[in-house]
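Ready to practise reading a protein structure? Have the model open beside you and try each task before you look at its solution.

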Amino acid sequence: MVNRFVLNTISYHGSSAIKEIPGEIQHHGYTKEFVCSDPDLVKFGITDKVTNLLDEAKIPWSLYSETKPNPMIHNVQDSVVAFKKSGADMIVAIGGSSMDTARATGVIAENPEFFDVVSLEGVAPTKKHAPFALAAPITADTEAEVTINYVIADPKEARKFVCVGTNDISEITVVDPDMMASVPAGLTAATGMDAPTHAIEGYTTTAALEPSDMFRYKATETISHNLRDAYAEAKRGKPAQEP
């Protein structure tokens, strides 16, 4: 029996980790970024934390910020159109739903035959890898930034479907706890409960491997020790401490 364990290439973790973003972009020689975010992250100034760094480094960028929670098919299609019009050669995704949108956007941009989005369901036979991408999550969530799985909603069928593929995984992940400290307490609580649900599910499934069990067990332990404090500090408007 052969097992496959797929993660992204580089991950940064820690306070102020987002400061690594401009250097990674310049190191790889990309010239314009397509920033994928959502209205709330723009409203709360979280998107600005990344785009300000791009401005300081004189890196041009274009913003798509119409992603909705549980991104829908039309979000992805609109994002694909926006990406092509932008002339960008790299994608920066900020936030959980934005990462799902960005991943579908990237793989469709290089494999336009999947523009209907629904055909990405399951393990889609895409041939070309998505443009180089960097993912910056702002909540504890589904780990879409480091896995080959993501979810899109189909409102016509009132369902969500899972897409799986190595051609759409982000090459770089930046996990900065200061970004999470900027979101409302309710979002900290909701996504904080979502994360251990995924961790426990991954740990108990019969399809789990020992390397993934290690991450799932540690995630469950860390969240159980820190979520209450993170929520309380978010309510007081104080930055949550890094685990």
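**Exercise 1. Which residue of strand 8 stands opposite Ile152? Then work out the order of the strands in the sheet.**

Step 1. Ile152 faces Phe161 in strand 8. Strands here are DSSP runs of E with at least two residues, helices are runs of H or I with at least four residues, and both are numbered from the N terminus.

A word on the source: this is a predicted model, where local features need pLDDT of at least 70 and side-chain atom pairs count only at pLDDT 80 or more, while totals for chains, interfaces and linings use all residues. Residues are numbered from 1 along each chain as its sequence is written, and side-chain values use heavy atoms, with hydrogens and water left out.

Step 2. Strand 7 (residues 149-154) runs antiparallel to strand 8, with six bridges; two strands pair if DSSP finds at least two bridges between them. The two strands form a hairpin with four residues between them, and Ala158 in the turn has a positive phi of about 50 degrees.

Step 3. Now look at strand 5 (residues 122-123), which pairs with strand 8 (residues 159-164) in the parallel sense over two bridges. Here Val123 stands opposite Val164.

Step 4. Put these together: the open sheet has three strands in the order 5-8-7, with mixed pairing. Strands 5 and 7 are at the edges with a single partner strand each, so one side of each has no neighbour in the sheet.

**Exercise 2. Which side chains meet Arg159 in salt bridges?**

Step 1. Recall the cut-off: a salt bridge needs a side-chain nitrogen of Lys or Arg within 4 Å of a carboxyl oxygen of Asp or Glu. The whole structure has four salt bridges.

Step 2. One partner is Glu121, at 3.0 Å from N to O. This pair links distant parts of the chain, 38 residues apart: Arg159 is in strand 8, and Glu121 is in the loop between helix 5 (96-110) and strand 5.

Step 3. Asp154 is another partner, with the closest N and O atoms 4.0 Å apart.

Step 4. Compare the surroundings: Asp154 is buried at 7% relative accessibility, whereas Arg159 is partly exposed at 30%. Buried means under 20% relative accessible area, exposed over 50%, and partly exposed in between (1.4 Å probe, protein chains only).

**Exercise 3. Where is Asp38, and what does its side chain reach?**

Step 1. Asp38 sits in the loop between strand 2 (33-36) and helix 2 (39-43).

Step 2. Its side chain reaches the backbone nitrogen of Asp40 at 3.0 Å.

Step 3. Asp38 is buried yet has no salt bridge.

Methods: Lys and Arg count as positive and Asp and Glu as negative; His and the chain ends are not counted. A polar contact is a pair of N or O atoms within 3.5 Å; within protein, one must be able to donate a hydrogen and the other to accept it, and residues adjacent in sequence count only if both atoms are side-chain atoms.
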